Amino acid sequence: HRCLTTQQCATELGISVRSMQRRLNTIGLSFTTIVNEIRYDLARARLVNSSDTLEEIGRALGFSTQESFIRGFTRWSDMSPGEFRRQSSS
């Protein structure tokens, strides 16, 4: 789970957390928004292209439980990961 915290990313970029947050704010983004967009993209790809369980996908994306992954995915897409997987395979 490389770069999932503000501190880890700021360190990788060689800047302070505050500087990173200011730069993101300047372009109208937040760290959380970026992380969630990446997680959503990765989740969709894994749901379509793998037979991994929801628990495996959630864990790989940094969710503590399968339930928290399901809630997050549903919030992003207005459908459960299972529904998304079924629709994508049709």
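User: How many salt bridges does the structure hold?

Analyst: Two. This is a predicted model, where local features need pLDDT of at least 70 and side-chain atom pairs count only at pLDDT 80 or more, while totals for chains, interfaces and linings use all residues. Side-chain values use heavy atoms, with hydrogens and water left out, and residues are numbered from 1 along each chain as its sequence is written.

User: What makes Asp 41 and Arg 44 a salt bridge?

Analyst: Their side chains meet at 2.3 Å, N to O. That qualifies because the term asks for a side-chain nitrogen of Lys or Arg within 4 Å of a carboxyl oxygen of Asp or Glu. Both residues lie in helix 3, three residues apart, or about one turn. Helices here are DSSP runs of H or I, at least four residues, numbered from the N terminus.

User: And what about Arg 46 and Asp 52, how close are their N and O atoms?

Analyst: The closest N and O atoms of Arg 46 and Asp 52 are 2.4 Å apart, so this pair passes as well.

User: Why is Arg 46 called partly exposed?

Analyst: The relative accessible area of Arg 46 is 29%. Buried means under 20% and exposed over 50%, with partly exposed in between (1.4 Å probe, protein chains only), so Arg 46 gets the middle label. Asp 41, at 42%, is partly exposed too, and so is Arg 44 at 28%.

User: How do you know that Arg 39 has no salt bridge?

Analyst: The nearest side chain of opposite charge, Asp 41, is 12 Å away. With Lys and Arg counted as positive and Asp and Glu as negative (His and the chain ends are left out), Arg 39 has no partner within the limit, although this residue is buried.

User: So what does the side chain of Arg 39 reach?

Analyst: Backbone oxygens. Leu 61 offers one at 2.8 Å, and Gly 62 another at 3.2 Å. Both count as polar contacts because the rule is N or O atoms within 3.5 Å; within protein one atom must be able to donate a hydrogen and the other to accept it, and residues adjacent in sequence count only if both atoms are side-chain atoms. Arg 39 sits in helix 3 (residues 31-49).

User: What makes the buried residues of helix 2 one face?

Analyst: The buried ones are Val 17, Ser 19, Met 20 and Leu 24. Seen down the helix axis, they fall within an arc of 165 degrees, so they line one face; the arc is taken from the directions from the axis to the C-beta atoms. They pack against helix 1 (6-13) and helix 3, while the face turned away carries the exposed Asn 25 and Thr 26.

User: Which residues make up the largest nonpolar core?

Analyst: There are 11 residues, including Tyr 40, Leu 54, Phe 73 and Phe 84. A core is a set of buried Ala, Val, Leu, Ile, Met, Phe, Trp, Tyr and Cys residues joined through side-chain atoms within 4.5 Å. Helix 3, helix 4 (54-60) and helix 5 each give two or more residues, and helix 3 gives the most, with three. A second, separate core of seven residues includes Cys 9 and Phe 31.

User: Why does Asp 78 count as exposed?

Analyst: Its relative accessibility is 72%, so Asp 78 clears the exposed cut-off. Asp 78 lies in the loop between helix 5 (66-77) and helix 6 (81-88), and its phi is positive, near 60 degrees, in a residue other than glycine.

Definitions and conventions:
Contact = heavy atoms within 4.5 Å.
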